Amino acid sequence: YLKENPNVKVILTGYADKATGTEKINKELSEKRAKAVADILVNNYGIETNRLTIEASGDQVQPFEKNEWNRVVVFTAK
């Protein structure tokens, strides 16, 4: 999608599950998770860094009911 739409920018939001780690650790983990995805997009697919915004929700937001599914990065088009 990003390669086919070069003007689209996305927010990469990292999450962590509540069942493991502390709030601080989960915040750091969710940020590292989002950065890792951004690095893959840049290094493997040639997406420009200025098209990517990284956010880290830690364990404060749980987008999925199943705890393990919250170990995720969600893309949102700007």
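These are my notebook entries on a predicted model of one protein chain.

**Entry 1: confidence**

I began with how far the prediction can be trusted. The chain averages a pLDDT of 96, and 100% of the residues score at least 70. I then went through the elements: strand 1 has the highest mean pLDDT, at 98, and strand 3 has the lowest, at 96. I keep a reminder here for other models: where pLDDT is low, the predicted coordinates should not be read in detail.

**Entry 2: overall layout**

I looked up the secondary structure next and found one helix and three strands. Read from the N terminus, the order is β-α-β-β. The C-alpha trace spans about 40 × 20 × 15 Å along its principal axes. I noted 78 residues, of which 32% count as buried. The accessible surface comes to about 5,300 Å², and carbon and sulfur atoms hold 51% of that area.

I also wanted to know how the contacts are spread along the sequence. Among contacts with a separation of 6 or more, 77% are between residues 24 or more positions apart.

**Entry 3: helix 1**

Does the length of helix 1 agree or disagree with its residue count? I took its 23 residues at 1.5 Å a residue, which should span 33 Å; the end C-alpha atoms are 32 Å apart, so the two agree.

Which residues of helix 1 are buried? I listed Asn26, Ser30, Ala34, Ala38 and Leu41. The list made me think of a general point: an α-helix has 3.6 residues a turn, so residues three or four places apart point the same way. I then checked what lies over these buried residues, and the cover includes strand 1, strand 2 and strand 3.

After the helix I came to glycine 46, which has a positive phi near 70°.

**Entry 4: the nonpolar core**

I looked for the largest nonpolar core and found ten residues in it: Leu2, Val8, Val10, Leu12, Ala34, Ala38, Leu41, Ile47, Leu52 and Val73. Strand 1 (10-15) and helix 1 (23-45) each supply at least two of these residues. Helix 1 gives the most, with three.

I picked valine 10 from this core for a closer look. Beyond residues up to four places away in sequence, valine 10 touches Leu2, Arg51, Leu52, Thr53, Phe75, Thr76, Ala77 and Lys78. Of these partners, Leu2 and Leu52 are also core members.

**Entry 5: serine 57**

I moved to serine 57, in strand 2. Is serine 57 buried or exposed? Its relative accessibility is 18%, and the cut-off for buried is under 20%, so serine 57 counts as buried. Leaving out neighbours within four places in sequence, I found serine 57 in contact with Thr13, Gly14, Tyr15 and Ser30. Ser30 is one of the buried residues of helix 1.

**Entry 6: the loop between strand 2 and strand 3**

I spent the last session on the loop between strand 2 (52-58) and strand 3 (73-77), where asparagine 67 sits. Asparagine 67 is 50 residues from aspartate 17 in sequence, yet their C-alpha atoms are 5.7 Å apart. Beyond its neighbours within four places in sequence, asparagine 67 contacts Asp17, Lys18, Ala19 and Gln62.

Asparagine 70 lies in this loop too. With 1% relative accessibility, asparagine 70 counts as buried. I wrote down its contacts, again without neighbours within four places: Tyr15, Ala16, Asp17, Arg33, Gln62, Pro63 and Phe64. Asp17 and Gln62 appear in the contact lists of both asparagine 67 and asparagine 70.

Valine 61 is also in this loop. I read a relative accessible area of 41% for valine 61, which makes it partly exposed. Valine 61 and aspartate 17 are 44 residues apart along the chain, with 8.8 Å between their C-alpha atoms.

**Entry 7: aromatic rings**

How many aromatic pairs does the whole structure hold? My search gave one. Phenylalanine 64 and tryptophan 69 form the pair, edge-to-face, with 6.1 Å centre to centre and 80° between the planes. The angle is over the 60 degrees needed for edge-to-face.

I looked up the accessibility of both partners. Phenylalanine 64 is partly exposed at 34% relative accessibility, whereas tryptophan 69 is exposed, with a relative accessible area of 52%.

Definitions and conventions: Residues numbered from 1 in each chain as written. Predicted model: local features only at pLDDT ≥ 70, side-chain atom pairs only at ≥ 80, totals over all residues. Heavy atoms only, no water. Helix = DSSP H or I, 4+ residues; strand = E, 2+ residues; numbered from the N terminus. Contact = heavy atoms within 4.5 Å. Core = buried A, V, L, I, M, F, W, Y, C linked by side-chain atoms within 4.5 Å. Buried < 20%, exposed > 50% of the residue type's maximum accessible area, 1.4 Å probe, protein only. Expected span 1.5 Å × (residues − 1). pLDDT = per-residue confidence, 0-100. Phe/Tyr/Trp six-rings, centres within 6.5 Å; stacked < 30°, edge-to-face > 60°. Areas by Shrake-Rupley, 256 points an atom, 1.4 Å probe, with all protein chains shown as cover.
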